[in-house]
Structure formats: structure tokens, C-alpha cells
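Colleague: Could you take me through the disulfides of this model, one at a time? I would like to know where the cysteines sit and how they are linked.

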Amino acid sequence: MASRNRALFSVSTLFLCFIVCISEQSNNQSSPVFACDVTGNPSLAGLRFCNAGLSIKARVTDLVGRLTLEEKIGFLTSKAIGVSRLGIPSYKWWSEALHGVSNVGGGSRFTGQVPGATSFPQVILTAASFNVSLFQAIGKVVSTEARAMYNVGSAGLTFWSPNVNIFRDPRWGRGQETPGEDPTLSSKYAVAYVKGLQETDGGDPNRLKVAACCKHYTAYDIDNWRNVNRLTFNAVVNQQDLADTFQPPFKSCVVDGHVASVMCSYNQVNGKPTCADPDLLSGVIRGQWQLNGYIVSDCDSVDVLFRKQHYAKTPEEAVAKSLLAGLDLNCDHFNGQHAMGAVKAGLVNETAIDKAISNNFATLMRLGFFDGDPKKQLYGGLGPKDVCTADNQELARDGARQGIVLLKNSAGSLPLSPSAIKTLAVIGPNANATETMIGNYHGVPCKYTTPLQGLAETVSSTYQLGCNVACVDADIGSAVDLAASADAVVLVVGADQSIEREGHDRVDLYLPGKQQELVTRVAMAARGPVVLVIMSGGGFDITFAKNDKKITSIMWVGYPGEAGGLAIADVIFGRHNPSGNLPMTWYPQSYVEKVPMSNMNMRPDKSKGYPGRSYRFYTGETVYAFADALTYTKFDHQLIKAPRLVSLSLDENHPCRSSECQSLDAIGPHCENAVEGGSDFEVHLNVKNTGDRAGSHTVFLFTTSPQVHGSPIKQLLGFEKIRLGKSEEAVVRFNVNVCKDLSVVDETGKRKIALGHHLLHVGSLKHSLNISV
């Protein structure tokens, strides 16, 4: 019997070995998709487009010239059809990397070789760090993991991220994906993240590590609110708001970040679908901003402008309008199906198709797609070992820590002392959250550490759900009993993707269901400190908690990513001094009751009782304001250097030399001839940590202009994040360009320098500055 068992064991072992060996062999054979495989097909060596020594323009021209019209049309869609006779494989353009490599889109996927990738905090929380170097560091890690996955056939090279739309309305389900409500912050985030994704270690601007894409262009910030749907919504936007709120992040993406792609959105802007608007695409992106790359539609956008918006009478006309407007790539298959018909009907000629696919091919060539085996290129040594590394996962933890915002902290409440807390009650619908922590457009994380797990690593913790996020059926009694028996309570509440997501906007700003009742009753019963943790993309009206003395601390943690539980515990127990600031205004419920989401106006209108939007224009009460935050220490600011007067030198025939002017055009010789070395001057601030522990601090420089052209109440000129030890001080310098930084946008969308009295703000410090001619 024993020998028979050994024989069976031997056969089983051999069979298992055979399966494993076959599997390993299969894994080892996994390879990236690429063109110009000269090793496999030596005849390709003679093709000019396969010659990496030639210019990209020459290679693209050669390639396009070899294709038939039918073959060209195959490269207009996101699932590009290869041409085997030229050694060009099919390619899936759609991959996502919003806050880590995602498996949304089909261009990237997780396999046995790479089962997951580092899942960083959702963008809204990363933005709350106000740390530009962090934005870029995350982008760099994401692109490294993407390249590693590409090398084993698990990812593409073109990633349709980041989302840089302005978080205009607190109800928007996709606000979580954005850097917030401020154009300056969104622009700086866009540039840094794009650089992190795209820049190669060799620094060659003609090469891309991966290709990023800034989306959704433009004035897109409503998904499905009441009877308003993004697929049919016409965003009525005046030129002033378009120029000073909605366009700046996209302009920065292209002009400063050198992004490889821009995605046009579903909605119309002033009656024209963005993906068929030649002024917005060819005129601005390609013309004024000089995009070096391709313009892609949001998925099915061309189909939508035909079937839903009725902007074209036939599918062929829709394809023609989008191509002639400047669209290069159609996400999905619509253009591929109907482009031939559009050509035959004389609606568009082959030259327009050549132009579109040339932009697409040029991008792939900058990525090395036409340079043969990627294993022999710059990032050829990357592989599964470079995904989910310890350093990458630590960056995910640190990113969450840096973004967490402390909003309330009664004297002596936080941080909690691990030695003083013998029993901790951890309560709430997000207290043991996993997937909720990573928001939307996520991949498969390396692992999860929930808030409960993170807290339990430090002190003995007992958990009670209380209710799920929707919080209809609540077991509040059990949560109350647990709170009454513990030394301290951490309540983790908020939202998830059932409350706010793509395709689903909120209708109110209350905590969902019975969450407010859960929080209030638990706090009432607690005998120790009560820490309220809000996990969400958007803000809530939590005035009740702000005013409840039993709730000793409030933290907003966004959707903190795979290491969210560790980061939350680090802040609560004082291992990390919180330094995040709110990237968006938290409004009271009364705001959304009188402001329809579909009203795109940023500026207030007193005659209609319209209060305006964002900290730049909103005139009403807030629950918490943009940039609000507390810390465990204290920072003082002292102004060292800033001018009191800036004089602009005008040409002799300038009309403002002979008449009173309220403003000047922010272009012209006077923008080069201001005092203090041109139109630039410096602001120097001494910042000192006067508290009893080290900490990081964001120094915000705001400006208030004279009230002309409906100028903002105040606007963010710049910000710098610094770290100071106890009693340490440092000088922070801001370089200010009068024409760029102190200008405002007039009613026609043009930048103007307001003459007269300006205020510079840093915290409670204010400095007067006069601009004259």
C-alpha cells in the first residue's frame, strides 16, 4: 500500500511539475506588442519607418505612404488594426493610470506574472498634499510599473490619465479623480504628474516613457444629475470663465507639461460637441498651444454627437466633422466603421485621415513602439520584480499621509497616546474598508491595509460596523455600547462608489442614510476622545459634527489608496504630523438647494441670488474653506521682501498715458519693462515652526486684485511645501510675474493687468502692492 502511494505521489509530482513548467514557459514567453521586429523578420530592416536613426517625421511619412486607405482607417480607432505585411501588430490604445496602473480599458491587465500594481491615493487626496514633488514622484513610479508590465505583455504604453477638470460643484461624482477646484493647483498637478509619467531617464524630449493624456477637454464636470446627463449636456460657458477657470489646466498640460495627448469630452460647449469643434481642437490645442501628440475622443463621443446630440445627420458626417475639427483617434470603433463611407461621400478626403494617423504614429514612435524589441531599449530590464516593490508601497502610504487633512482638533485630543489607550473602538461603514479606499479607475492593489487593521497594529481595537455606507439598516445600539466601553473612539464614515462615481452625481451634501445619527449617538455615549474620519471624494455638510463638543477631532482622508489604514493610524497616533489642506470648498446643504448643478457660471449674480462657485468667487458661508487645515504644531510667517510699488513703462503712444485706465493688456512691451528687473519681482517670507514637534507646512501666496472685470475675491498665486523641525525656520521665495500672476481675465476672455491696489496674502499676513503706469 505504501509503495502504491509513493507511486501515485511520484506520478502526481511529475504531472504537477509538467503543469508548472508549461506555465512558467508560457509566462517566460509573454512579450510586449511592438512593430519592426527585425530579428523575427529581417526583411523589415529595409523599411525607413523601422530605422530609428531617422527623424520621427521622416519615419511617419514613410509609413503613411505605404498604407492603403483601408489600412489607414484601421489606425483611427482605439483598437488599432495591425498590418502584418509591414510587421505592425494590432494595438490597444486605451490604458488608464489615474493613481496607479489600472485594468480599465483593456490595454492593461493583471495576470499571474503581475497580479497587482501599487494603488496610490485617489487624486483628490494626493492634491491635498500641495506637494508638487510628490505629484511627480507618484507619476514616475506609475510609469515604471507600467513599463514593467508592458515588457511582459500586460500593459500598453498610452495611458489616458490624468483627469484635470475643475471640481466646480461638490455633487460631481468624478470630483474624486481631479486635483480640486483651483486652476493653479490643478495646473501644477497636471504638469508634475504628466512629467512623472512621460519623462525618460535620458531626458530626450523626443522620447516618452509612457504617453499621458489630459482629460476631459473642456468644461466637463457633470455626469448624471437629476435630468441632466453628460451625453446630452450643453455647457453654456462665458469666455471669461472658460479662460480663467476651465482652460488653464489643459493649457498647462500641453504648454508646460508637454503632454502627448488631450481627450475631448462628451458634452457640448456653447452648442458644439467638443470632439467636433475646430476652434477648440485645431484652433486652441493644436494651434495656439502647439500640441505634440494626438487628440482622442472620450469613448463613443463621435457616436454620441450623432445619435444623442443629433449634431450630424449621418454617421459619415459625424466622422467627417470630428476629423476636420482635429480629432486623431476615436475611442472605440465608430470612426473605423464609417470613415470609408465619409471619404466616398466626399465629406472628408484622405489627406485628413493621413494627418490624424500621422499624429498617432508619431506618438508611438516616441514611445519606441517602432524600434524593435523593447527588451533592448532603455526600459527593457524592467519586469514583475519592479511592480509593488517595498519602496513603491511606502510611497503610497506616504502619499496618503501627506494628503490627510485635519479639520478639527480640540485641545489635547490628537494625537492619541498609544500607552494611554488600552481599548479603542473602531466604528463605521468605512472602518474596515478595502476597495472603497482606492476610489474609481483603480487596478488591483498590491494589498490592502484597512483603517481597522492599521489602528489595531498600534493598540488593541474592537470593531463594530454600525451600518454600511448607504446606512439604511443600522445597528446603532451595538456601536453605542462599544463606544461607551472604550478609552477612545475612531468613527470612519463617508461615501463610496455607490454614492459618488462616474455616471452618478450626488443630490445633497448630507452623510448618507443614518450616518449622522450613528455619529451623534456614538459620540454622546463615548467616555473618551472621539475621532471622526471622513472617507470621500467630495465634501459634506458636517456642521453638526463641527459644532458637537463630544466629537473632539475631524479628519478628511479622501480615498487614501491601498495603504490608507496605515496612513490614518500614522496621523491619529502622531507618527506623522498632518500637513494636508483642503483642495475644495465644503459647502452647507443650503448651497446646493439654490444652485443648480447645470449652471456653469463661476461668478456670483446678486440680482438672481446666485452665490458663485469656489473660494475664488463664492460669497456665502462655508463649512470648511479651500486650503483649511490644522496641524500638531504651529507655523509663523514674516514678510522679508516684497515691493510696495510696481511701475509699468508704456510706449509714448499708449492710450493709457493720456487717460485714466483701470487695466492694461497683459501682453506688450510694458510686460518686459516693469521695475525690479523686468515684470518679475520676488516675495520672500520667513517661516518658523514655533510648536513642539517637526512638521511639514504649505505656504500659500494668494492675491486680491482691484475689483475690475469681475476679478476673484482672491486667487492662489503659488504654493510651496516645506518641512521644519522644532523651532526651525526657513526662507520661502516666490517669483511673481506681474503680467502672468497678477493679471485677471476680462469679460471677453483676455488677460488684463488691473491697475491700482493689490493685496498679497499669506495666512493672516497681508501686504499692499500698487501697480501703476
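Modeller: Happy to; here is a walk through the disulfides. Please keep in mind that this is a predicted model, in which local features need pLDDT of at least 70 and side-chain atom pairs count only at pLDDT 80 or more, while totals for chains, interfaces and linings use all residues. Residues are numbered from 1 along each chain as its sequence is written, and side-chain values use heavy atoms, with hydrogens and water left out.

The structure holds eight disulfides, a disulfide being a pair of cysteine sulfur atoms within 2.5 Å. One of them joins Cys36 to Cys50, with 2.0 Å between the sulfur atoms. The torsion about this S-S bond is about -80°, so the link is left-handed. Cys36 and Cys50 both lie in the loop between helix 1 (2–28) and helix 2 (56–65), 14 residues apart; helices here are DSSP runs of H or I with at least four residues, and strands are runs of E with at least two, numbered from the N terminus. Cys36 is buried at 2% relative accessible area, and Cys50 is buried at 13%, where buried means under 20%, exposed over 50% and partly exposed in between (1.4 Å probe, protein chains only).

Another disulfide pairs Cys467 with Cys471, the sulfur atoms 1.9 Å apart. Its torsion is about -85°, so this one is left-handed, and both cysteines are buried.

Cys671 and Cys739 are also bonded, at 2.0 Å, with a left-handed torsion of -105°. This pair links distant parts of the chain: Cys671 is in the loop between strand 19 (663–665) and strand 20 (680–689), and Cys739 is in helix 22 (residues 738–741), 68 residues apart. Both are buried.
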